[in-house]
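Here are my notes on this entry, set out as numbered points for a colleague who has the coordinates open. I begin with one helix and its surroundings, and then move outward to the chains.

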Amino acid sequence: MYTGPLRALIDELGRLPGIGPKSAQRIAFHVLKIPGEDAGRLAAAILAVKERTTLCSRCFNVAEAGELCDVCSDERRDPTVLCVVEDPRDIVAVERTQQFRGRYHVLQGALNPLEGVGPDQLRVRELLERVGAEGAKEVILCTNPNLEGEATAMYLARMLGPLEVTVTRIASGLPVGGDLEYADELTLGRALEGRRQVTA
Amino acid sequence: MFVEAALEPASAGTTVIEGPNGAGKTTVLEAVAFLGTQRSFRTTDREAIVRAGATSAVIRAELARDGTPVLVEAELPTSGRVRSQVNRQPVRDRRDLSRAVPVTVFSPDDLAVVRGAPGNRRDLLDDTLRILDVRAGLALDQLDRVLRQRAALLRQAGGRLAPEVATTLDVWDERLATVGATVAEARTELVTALAPFVVTGYSSLAQEGVAAGSSLTSTPAGPGGPAGSGVVLTYRSSWTGDLASALASRRDEDVRRGVTTTGPHRDDLEVRLAGRDTRTQASQGEQRSLALALRLAVHRLVTERLGAPPLLLLDDVFSELDPGRSRALVAALPQGQALLTTAGPVPAGVAFAARVDVRTIGRRAAP
Ligand SMILES: [Zn+2]
């Protein structure tokens, strides 16, 4: 129906998660209407996030290129407690609870053979290295309370078992089958508080 | 058939949907049942559900539950994930749908529950558990997922049990053992709860059948009493002891064959009649009465537990029954909202609240 740049923009927007053809069309027409400088800022932000954002070399959270992430570069954070999450967005959820003052480790996913994700596709080896190198005393397994998250937590508990570290799992009470990202801070805060030691 | 059709059934009692064969009566019931089960009772072929030439079908129902309106919607593409919504909120899990739209379906295909592969009988149990038992419903959804994850892992292993495969398999097996045990336990309890309903249902249906002089072969009266008694339901696990050990002892074979050879997905509900296995050693009349008795038992148990009958969908069931068994079935059904299709006259004894000709419900006819 549309041609040229407008068509291209609708197509690109339509590829984004959660954006169907109708939304893509609506956003494209919105962009067409806004002042050039607003559109410029949007385009620049998209480019900048790709150019200047990478993963933290220590914990694999998002970070500015060449730097540690905000959490890792904060001297006041307790290096003896590591909170293991699947995704950088989960860090945001845990931070909202204001219950956790340690550092994170982002696995970049969960075990999911259906999608071809095994231990080698996750940052598991790096986690095991960090536990020794940073003198961690406790590892909190804060993967999602769904099947894949539980399997991942169980796998990590086994791998961490031989190391001299206490392994804990966030308490249940989170909606079963849910995602951390959508848990409210009160519920997630309680789950962190009520974490229990895991014996593999 | 239809591009679009709308039906407003009587809010209580039975709405009869009439029309010649091929006019779309079953499609209407299939659509309603799909809302609650995300499955067709007629076919597993999605292409066959969606109108030829279309890429998806949309089903929408407005229900009233305890006086509160509930909007349930499903969109089924010819391929890919079915999307369901309750009150415009996406519903991911089938157990939540089953509770939002509890349905009981009687269809001519029900014979497969008695005669067909074990999967038919597991579906009967699992559909019921999804309505009645939140915990079992969750376990069923997780069982389905963990089996698919394990299958993927076994495929990737390529027949060899490397150490890293073994470690990951341990983790999935522990999940499978946990949810699998929950499922098997819930199914066993359900079978125990269903058994008395099946026994009474069968004896009234079978006796009516005999009295009406149907082709029903009369069962030799054993020590259990007259024909019709002696129905015994047994849940048969595909393993003995605990599931974790069974999985461990089957591991080498599972890896070699690339499939999970034991677990609740291999279990069966055994239905015996006077000591005979009804899958293979019962007459067609006995099998038909048993199939009805099983459905009826589920409907009555769910009605008792929920305090209200599920929406009842009767697809052309009476055409297969002699008048005696039709009467017995009608008498045994709890009162509630029902949709009944028939190509012939309304069966004797059925009191109906409304009649609709299926040829009048289309909003736009397909070209
Ligand atoms: Zn970091």
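1. In helix α5 of chain B, the buried residues are Arg121(B), Arg122(B), Leu124(B), Leu125(B), Asp126(B), Asp127(B), Thr128(B), Leu129(B), Arg130(B), Ile131(B) and Leu132(B). The model is a predicted one, and this list should be read with that in mind. Because 11 of the 15 residues of α5(B) are buried, the helix is largely enclosed by the rest of the structure.

2. The length of the same helix can be checked against expectation. At 1.5 Å a residue, the 15 residues of α5(B), residues 118-132, should span 21 Å, and the C-alpha atoms at its ends are indeed 21 Å apart, so the two values agree.

3. Chain B as a whole contains 10 helices and 14 strands. Its C-alpha trace spans about 65 × 55 × 40 Å along the principal axes, and 41% of its 367 residues count as buried. A compact globule of 367 residues would have a radius of gyration near 21 Å, and the 22 Å found for chain B agrees with this. Of the contacts in chain B between residues at least 6 apart in sequence, 75% join residues at least 24 apart.

4. Two loop residues of chain B deserve a look at their backbone angles. Arg88(B), which is not a glycine, has a positive phi of about 70°, and it sits in the loop between β5 (83-86) and β6 (89-91) of chain B. Is Arg88(B) buried or exposed? It counts as exposed, because it has 7 C-beta neighbours inside 10 Å, where the cut-off for exposed is 12 or fewer.

5. The second such residue is Asp316(B), likewise not a glycine, whose phi is positive and near 50°. Asp316(B) belongs to the loop between β11 (311-315) and α10 (323-332) of chain B. With 19 C-beta neighbours inside 10 Å, Asp316(B) counts as partly exposed, since a residue needs 20 or more to be called buried.

6. Turning to chain A, there are 7 helices and 7 strands, and read along the sequence they follow the pattern α-α-α-β-β-β-α-β-α-β-α-β-α-β. The C-alpha atoms of chain A fill a box of roughly 60 × 35 × 35 Å along the principal axes. Buried residues make up 29% of the 200 residues in chain A, and 57% of the contacts between residues at least 6 apart in sequence join residues at least 24 apart.

7. Which strands make up the open sheet of chain A, and in what order? The sheet has 5 strands in the order β4-β3-β5-β6-β7, with mixed pairing. Its edge strands are β4 (102-106) and β7 of chain A, each of which pairs on one side only. Helix α6(A) packs on this sheet, touching β3, β5 and β6 of chain A, and its direction makes about 165° with that of β5(A). Helix α5 of chain A, residues 124-133, lies across β3 (78-85), β4 and β5 of chain A and runs at about 165° to β3(A).

8. The pairing around β6(A) can be followed residue by residue. Strand β5(A), residues 138-141, is joined to β6(A), residues 166-169, by 4 bridges, and the two strands run parallel. Val139(A) stands opposite Val167(A) of β6(A), and Leu141(A) has Arg169(A) of β6(A) as its bridge partner. Together with helix α6(A), residues 147-160, these two strands make a right-handed β-α-β unit. On to β7(A), residues 196-197, the pairing of β6(A) is antiparallel and consists of 2 bridges, with Arg196(A) in β7(A) as the bridge partner of Arg169(A).

9. A last point concerns Cys69(A), which lies in the loop between β2 (62-64) and β3 of chain A. Although it is in a loop, Cys69(A) counts as buried, because it has 23 C-beta neighbours inside 10 Å. Not counting residues up to four places away in sequence, Cys69(A) touches Cys56(A), Cys59(A), Asn61(A), Val62(A) and Ala63(A). The C-alpha atoms of Cys69(A) and Gly109(A), which are 40 residues apart along the chain, are separated by 18 Å.

Terms used. Residues are numbered from 1 along each chain as its sequence is written. Chains are lettered from A and ligands numbered from 1 in the order in which they are written. This is a predicted model: local features need pLDDT of at least 70, side-chain atom pairs count only at pLDDT 80 or more; totals for chains, interfaces and linings use all residues. Two strands pair if DSSP finds at least two bridges between them. A crossover is right-handed if, with the strands pointing away from the viewer, the path from the first strand over the helix to the second runs clockwise. The radius of gyration is taken over C-alpha atoms; the globule rule is 2.2 Å times the number of residues to the power 0.38. Two residues are in contact if their C-beta atoms, placed from the backbone, lie within 7 Å. The expected span of a helix is 1.5 Å times one less than its number of residues. Axes are lines fitted to C-alpha atoms, for helices over the stretch in contact, and angles run from 0 to 180 degrees between N-to-C directions.
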